[in-house]
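Trainee: I would like to take a close look at a single part of this model. Could you walk me through one strand and its surroundings, starting with the terms I need?

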Amino acid sequence: MTENTNTVNNSIDDKSKEINNSEKKSEKKSEKKKFEIEDLIKRIDKKYYWIIAGLLTVILAYLTFSFAGMLKSGMFVMVRGDLAETHVPYIRMLCRHILNGETPWYSFDISMGMNTSLALAYYALSPVNVLYLIFYNVDVNVVTAAVIIVKMALAAIFFQLFCAKGLKVDDIKSVLFSICYAFCGFMACYASYHIMWQDAYFMLPLICLFVIYGFEKKKFAPLIACYAYVFISQFYMGYMDGVFSFIFLLGFLAFKINKENYKEYIKLTLRWVGSGIIAVLISAFVWVPTLLFLLINNPPDATDFTNLNVTVMEIFNSMFWGQFNDIIGRHSYTYTGLPVLLLLPFYFLNKKISIKEKIIAGVTVAFILICYIYIPFYKFMHAFDAPDFFWFRFSYVFSFLLCILAVRQSMFIKEIKISGAFKYLIALVLFFSIEYRLQKLEAIPETANTPLNLIINVLFILAWIGIAFLSSKEKVKKVSLAALAILLLSVEVVSNMNLCLYGKTKEGAYYNWENVVNHSLDLIYENEGDSKNFYRLIVNNDIIHNSDSFFGYNGVCDFASCENWRVRNTLANLGFATTSRMTTATGYNPVANMLLNIKYVIECKYMNEDVIYTNDQMYENDVDPVINLYSKTLNLGYMVNDDMINYSFPGRNVFENMNDILYRMTGIEDKCFTRISKDNIKYVYYDSLVYQNPEVDENMYFMEFYSEDGIVHLKVTNDDLKKVYAQFQVENPLAEEGDFVYGGGVNTVNGHDDIMNLSPAIELPYEETSNEFLLDIGRSETSEFKTSFDNINIYEFDDDIQKEFFDDLSKEQFVVDDYKSGFVRGHINVEGDRRLMMTSIPYDEGWSVFVNGREVETLALVDGTFLGLQLPDTGTYEIVMKYKLPGMDKGVILTAVGVLLLVVMVVFEFVLKKKKKKEAVAEHEAE
């Protein structure tokens, strides 16, 4: 019995030992696992936080665009607004020329043919855009999303590196504030509108890091590379990076210089100046031709600058969540995440931060604030420009500065008392409430400030205060707290950015437009066969004004900050709708088509925005495009009278202009356009009025609308059934509120709106039932509106007389045998008395013309608009036209000088380092 009992006890002891051993092994395993995780975190802290910052930004940016329905299979597309109008078309134009082996510096895909130096330098030369080239055949919306996300990730990566290497902050908080900078207000507002500005925004932290590196390590080659990058990728915004890096350098020097080292820092500052000069030289191949283009094509009627009236209170207000309701106007876009907003006052109250540092930071903050509200400083930050609409293009530098101060204060976050944080919260609530009340009293302009926004901001701030409080507790796991902070910031920045993605283009509208144009172009190219002859086409009722650049056909239209204003002015005088920044297809007419080599006009019909149609479905649903072929279209060049050399249009009446230019070209006195008697014109008013006011000007027409339904129904009776055109002639447009728009004409199918004061020649559609030509003139968004016109010109058009002019001019035409961007080769047979060949190629000093192998002088015809040349006698001539970008030679030489100086600097730094190393070794051996 005893033996059995002992056996049982031994067995129990053995089991107990096994359990204990198992538990110990489990504990050891747990401890080992815990140790491995902590060790991994330490390794990540030191080496890989920049990767985490980049990856998190990629994920959050993807979520942002996904929630906004702007990725593939969403309701909306990325390519919208100015991104659709300018950036993507010019990027695709650049890629297409590269893939076809053509020069990228000239294209017939924009404004009838233009020097593209400014278009590319301002809109398309970011090296990140190589993704568009690599994935040229991929959906451009997908590639655009990738480009934006890559740039945001680079902003986070470079900011984290700046924190780790420049500020010596290498913990998890640097990742948090890197995300804050990546999703700052500048980025949120311009994310899918102005992607070319993003290069300056993501390069700024790297530039400032290499400023520090240059002065500490005495190596400036990396800084030169950064400066050259931003000057090449976006010279305008690169200037802003240069300005802020200089301000940053002043702060750095003020902190570092003392009596003992000032001579050394003066030498290093001179090297910094030299670095900037070398970077400017390296980028000269871009900015020299661009500057020359700007000097030659600076339009005298550029858009006026709208005076600043933003207040400091509004700037502060824009730092809150959800305070962006428009990318145009008074907003300064200074949102950098609520954690930054919360930490800023404590930075300046922190006793552990030196007074000297706080003074430097305070002066820098004050300087940027002055730039927001004081026009001379504002212009200085914009390269002495006065931009309209998208005002605060330099706001990202303020976001960068605020994030730096927040990172500095985060090192002392445990010093913040919870009571102080709540007092600050109460102050913010009071500020928010008072501002909202002032808006209701109309004492200050209205913003997106609402009671709901106040509640959301308070909830976010309370959550951040809670995280700050927990961070001071020893028992709280830092990894869990960091994860919670990043999760909270993710919710904040993603939701805030989604609020900024307003005015989205529906997927159906975009893809239907793309399908219509592609299908139409396929039909046209099939009809043309292998013909090498040059012709132009336009797409009417297009959703963008640069579809010629987007799709790659020889077009007429343009919309950008760059333009050939002489071409735009001439097109306006021939009936096209233009402004100081655009030329649209609206307003074309048969005479303009004939003279400008416009052979096809694609009429886009209205398409359901919620359905994407295939080509077959377009036909079935009666939205198939209409392709108009104009048989009476002259070639790219033709012989005219010498009157074209000094020709200027007689006025703003486009119909009399076309009559006059045809007479001067040919000497034929017949007129294509004849004014219709006022007895045949009627107006039917609906809540609106057309009148003449003798007290102001008896010869001026005024048009007023009093409600949202305001409309004028223009009726023209004409028994001859000839075509009828109308022009609302304007010398100096006057509009008290809103834009005057019209709809219903042949050129404005299904209510497509264009600004009325552009003075286009509108063809009136004919109504068979009433034997009348009708045009509905509608209005836009405001409830009360008034505009004026110098004249309302209504003319009938005679096809037979146009044929008379066509037959005369088409006898001696330039036949194009081959062409590509910047090159045309063809022949012409001269038989009559005319010796002046006029082309519809815009005049540019870059063109060289060779007749039978010999270079001849080029002429600027029709108000200096078109390229022309004199031919000596009758006979057949081979004519070759070659384009060479003006200023490119000088730019390339300066770039070569810059690269050479960079090589010399690198060699000098290497030799100097080697010399100092030898001196140190010799000194050590001597000791």
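Mentor: A residue is called buried when its relative accessible area is under 20%, and exposed when that value is over 50%. With that cut-off in hand, and remembering that this is a predicted model, we can start with helix 12, whose buried residues are A284, V286, V288, P289, T290, F293 and N297. Helix 12 covers residues 284–297, and its 14 residues reach 19 Å from the first C-alpha to the last, which is close to the 20 Å expected at 1.5 Å a residue. For the chain as a whole, 54% of the 927 residues count as buried, and the chain contains 28 helices and 27 strands.

The strand I would choose for your close look is strand 22, which covers residues 836–842 and is mostly covered, since 7 of its 7 residues are buried. In a regular strand the side chains alternate between the two faces of the sheet. In strand 22 both faces are covered, with L836, M838, S840 and P842 buried on one side and M837, T839 and I841 buried on the other.

Next, consider the partners of this strand. Strand 8, made of residues 637–640, runs antiparallel to strand 22 and is joined to it by 4 bridges, and within this pairing V640 has L836 as its bridge partner. Strand 26, residues 866–870, also pairs with strand 22 in the antiparallel sense, over 4 bridges, and here M838 stands opposite G868.

For another view of strand pairing, look at the open sheet in which 4 strands follow the order 9-19-14-15 with antiparallel pairing. Strand 9 (673–675) and strand 15 (762–763) stand at its edges, and because each has a single partner strand, one side of each is left without a neighbour in the sheet. The partner of strand 9 is strand 19, residues 791–797, to which it is joined by 3 bridges in an antiparallel arrangement, with R675 standing opposite Y795.

Finally, set the buried strand 22 beside a part of the surface, where I418, F422, I455, L459, L462, F469, L470, L484, L487 and V491 form a nonpolar patch with about 860 Å² of accessible area together. Helix 18 (418–440), helix 19 (451–471) and helix 20 (478–500) each give two or more residues to this patch, and helix 19 gives the most, with 5 residues. L487, which lies in helix 20, has a relative accessible area of 53% and is therefore exposed.

Note on methods
Residues are numbered from 1 along each chain as its sequence is written. This is a predicted model: local features need pLDDT of at least 70, side-chain atom pairs count only at pLDDT 80 or more; totals for chains, interfaces and linings use all residues. Side-chain values use heavy atoms; hydrogens and water are left out. Buried means under 20% relative accessible area, exposed over 50%, partly exposed in between (1.4 Å probe, protein chains only). Patches are made of residues with over 30% relative accessible area and no salt bridge: like charges are joined within 9 Å, nonpolar side chains (Val, Leu, Ile, Met, Phe, Trp, Tyr) within 5 Å. Accessible areas come from the Shrake-Rupley method with a 1.4 Å probe; for residues, only the protein chains shown count as cover. A salt bridge is a side-chain nitrogen of Lys or Arg within 4 Å of a carboxyl oxygen of Asp or Glu. The expected span of a helix is 1.5 Å times one less than its number of residues. Two strands pair if DSSP finds at least two bridges between them.
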